[in-house]
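Below is a short note on this model, set out as numbered points. Please read it alongside the sequence and coordinates.

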Amino acid sequence: MPADTAGKNTTIDTPKAAVAWEAGKDLSVEDVEVAPPKAHEVRIQIYYTGVCHTDAYTLSGKDPEGAFPIVLGHEGAGIVESVGEGVTSVKEGDHVIALYTPECGECKFCKSGKTNLCGKIRATQGRGVMPDGTSRFKCKGKDLLHFMGTSTFSQYTVVADISVVAITDKAPMDRTCLLGCGITTGYGAAVITAGRGGGGIEKGSNVAVFGAGCVGLSVVQGCVKNGAKKIIVVDVNDSKEEWGKKFGATDFVNPTKIGDQSIQEKLIEMTDGGCDYTFDCTGNVHVMRSALEACHKGWGESIIIGVAAAGQEISTRPFQLVTGRVWKGCAFGGVKGRTQLPDLVDDYMNNKLKVNEFITHRQPLANINQAFSDMKAGDCIRCVVNMKED
Ligand SMILES: NC(=O)C1=CN([C@@H]2O[C@H](COP(=O)(O)OP(=O)(O)OC[C@H]3O[C@@H](n4cnc5c(N)ncnc54)[C@H](OP(=O)(O)O)[C@@H]3O)[C@@H](O)[C@H]2O)C=CC1
Ligand SMILES: N[C@@H](CCC(=O)N[C@@H](CSC=O)C(=O)NCC(=O)O)C(=O)O
Ligand SMILES: [Zn+2]
Ligand SMILES: [Zn+2]
């Protein structure tokens, strides 16, 4: 892999990337060409990437925005190799995390103070191209699409300068990569998105978290931080009870083992009328309904985090909302990546945020398909892929 390209306007023509040529097929590790960053773009050498269920979702063909061939991956950390003209926010050698939720600071969304979503490059990002409408990846003479503005399953990637944040070089990248999606998403949902003022769950809240994967356990971690009273993990997999308790959950319910009672009835009974907050971390629309209906009348809030497949819709009786329950959702936990992510990394470095505990599996890039299989097994919370080991 060339190490002397930094700062030079050259295409890197030997890195490897895991290419998704077609929906539903294994990834193929290929030699790719990665063009230099244009103005307001950054080329990053990716060191480590997590594999998230959203990568599998898009690979499956169920993502309405999914197109192929594409370089997937959106949970990555690395080092800036070179920057294009006009880039001032990061420089060569900076340790960074790629951001699938960019932050330009200038658009209507960024200026609203009401959301972490940024509108500046969302249209091109959704079409799998850079903001100028073209790709920086080539393989076998074909252009490859970018994914979520990050494409971290490549040893080198190019991102918009608003889609990357510099963090301390003291933090181990094989862990901080997970702050690029799963951990930040769940934690942010609990400490930022939840609550009418968006300040997170209040101290003393009773909470139910549906689905105890990386995202759900991160919600648990956020609820502990904000002083929740009851944190009930709901999962169909009994092994998640121990995981939930490790992160601070107080109770566990397996909804398949409560007889004739519905899960919403069970949770209402356990919380004297319903939960103050519930979180869907499964992507299952039936679970989303249960999560809403398990909320306390008058004020309970249910936050949708899980990503459901194309064509799936949520439903409930409108009466559930008329009587004061609130349905909302968030991407990346409501966290503003460039403004707020460095603080989360610092919290991790100061032992205030668990990250290491989520890593159950590791694979080299050559075994990335195994990393997808690992992720789908019930004993995996997160698998980290070493992008330098091919
Ligand atoms: N909004 C956002 O910004 C983001 C959304 N996501 C989405 O969040 C979701 C969760 O991600 P992740 O934590 O990685 O996923 P995991 O699959 O690791 O965790 C989901 C958990 O939910 C369990 N589960 C499945 N069905 C049910 C059910 N009916 N009731 C209760 N529990 C159930 C699963 O059990 P089992 O393993 O037995 O199936 C698993 O333990 C995904 O849909 C992902 O795409 C992820 C990141 C960001
Ligand atoms: N492309 C999908 C939507 C997938 C989705 O909801 N992505 C989340 C992040 S999930 C991360 O693992 C997100 O950022 N949503 C906001 C956005 O602007 O995409 C579809 O079309 O269904
Ligand atoms: Zn993700
Ligand atoms: Zn913006």
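**Notes on the predicted model**

1. Ser151 counts as buried, because 32 C-beta neighbours fall inside 10 Å and 20 or more are enough for that label. The residue sits in the loop between β8 and β9 (156-160). Its phi is near 45°, a positive value in a residue other than glycine. Most residues other than glycine have a negative phi. Please keep in mind that this is a predicted model.

2. Phe332 also has a positive phi, near 50°, and is a residue other than glycine. The loop between β16 (326-329) and α11 (337-349) holds Phe332. With 24 other C-beta atoms within 10 Å, Phe332 is buried.

3. Which residues does the cis peptide bond join? The bond lies between Phe68 and Pro69, with omega about -5°. Pro69 belongs to the loop between α1 and β5 (75-83). Most peptide bonds are trans.

4. Helix α1 covers residues 53-60, and its buried residues are His53, Thr54, Asp55, Thr58 and Leu59. These buried residues pack against α12 (368-376). Gly61 comes just after α1 and takes a positive phi of about 95°.

5. Ligand 1 is surrounded by 31 residues, the closest being Gly211, Gly213, Val215, Asn237 and Gly283. Two or more residues of this shell come from each of α1, α5 (182-193) and α6 (214-225). By class, the shell around ligand 1 holds 16 nonpolar, 13 polar and two charged residues. Domain 1 (16-180 + 355-386) and domain 2 (184-330) each supply at least three residues to the shell around ligand 1.

6. How many residues surround ligand 2? There are 13, and the closest are Thr54, Pro64, Glu65, Val307 and Ala331. Thr54, one of these, is also among the buried residues of α1. The shell around ligand 2 consists of eight nonpolar, two polar and three charged residues.

7. An open sheet of three strands runs in the order β3-β7-β8, and the pairing is antiparallel. β3 (33-34) and β8 (142-144) are at the edges with a single partner strand each, so one side of each has no neighbour in the sheet. Strands of a sheet pair through backbone hydrogen bonds. Strand β7 (residues 137-139) is joined to β8 by three bridges. In this antiparallel pair, Phe137 of the sheet stands opposite Leu144 in β8.

8. Two annotations come from an unreviewed UniProt entry. The entry lists residues 39-166 as "domain: Alcohol dehydrogenase-like N-terminal". In the model this span is 15% helix and 29% strand, and its end C-alpha atoms lie 18 Å apart. For residues 215-343 the entry gives "domain: Alcohol dehydrogenase-like C-terminal". That span is 36% helix and 16% strand, with 19 Å between its end C-alpha atoms.

Technical notes. Residues are numbered from 1 along each chain as its sequence is written. Chains are lettered from A and ligands numbered from 1 in the order in which they are written. This is a predicted model: local features need pLDDT of at least 70, side-chain atom pairs count only at pLDDT 80 or more; totals for chains, interfaces and linings use all residues. A residue is near a molecule or strand if its C-beta atom, placed from the backbone, lies within 6 Å of it. Ala, Val, Leu, Ile, Met, Phe, Trp, Tyr, Cys and Pro count as nonpolar, Asp, Glu, Lys and Arg as charged, and the others, Gly among them, as polar. UniProt positions are given in the numbering used here, feature names are shortened, and annotations may be inferred rather than shown by experiment. Helices (H or I, at least four residues) and strands (E, at least two) are DSSP runs, numbered from the N terminus. Two strands pair if DSSP finds at least two bridges between them. A residue is buried if 20 or more other C-beta atoms lie within 10 Å of its own, exposed if 12 or fewer, and partly exposed in between; C-beta atoms are placed from the backbone. Two residues are in contact if their C-beta atoms, placed from the backbone, lie within 7 Å. Domain bounds come from an automatic or database domain assignment.
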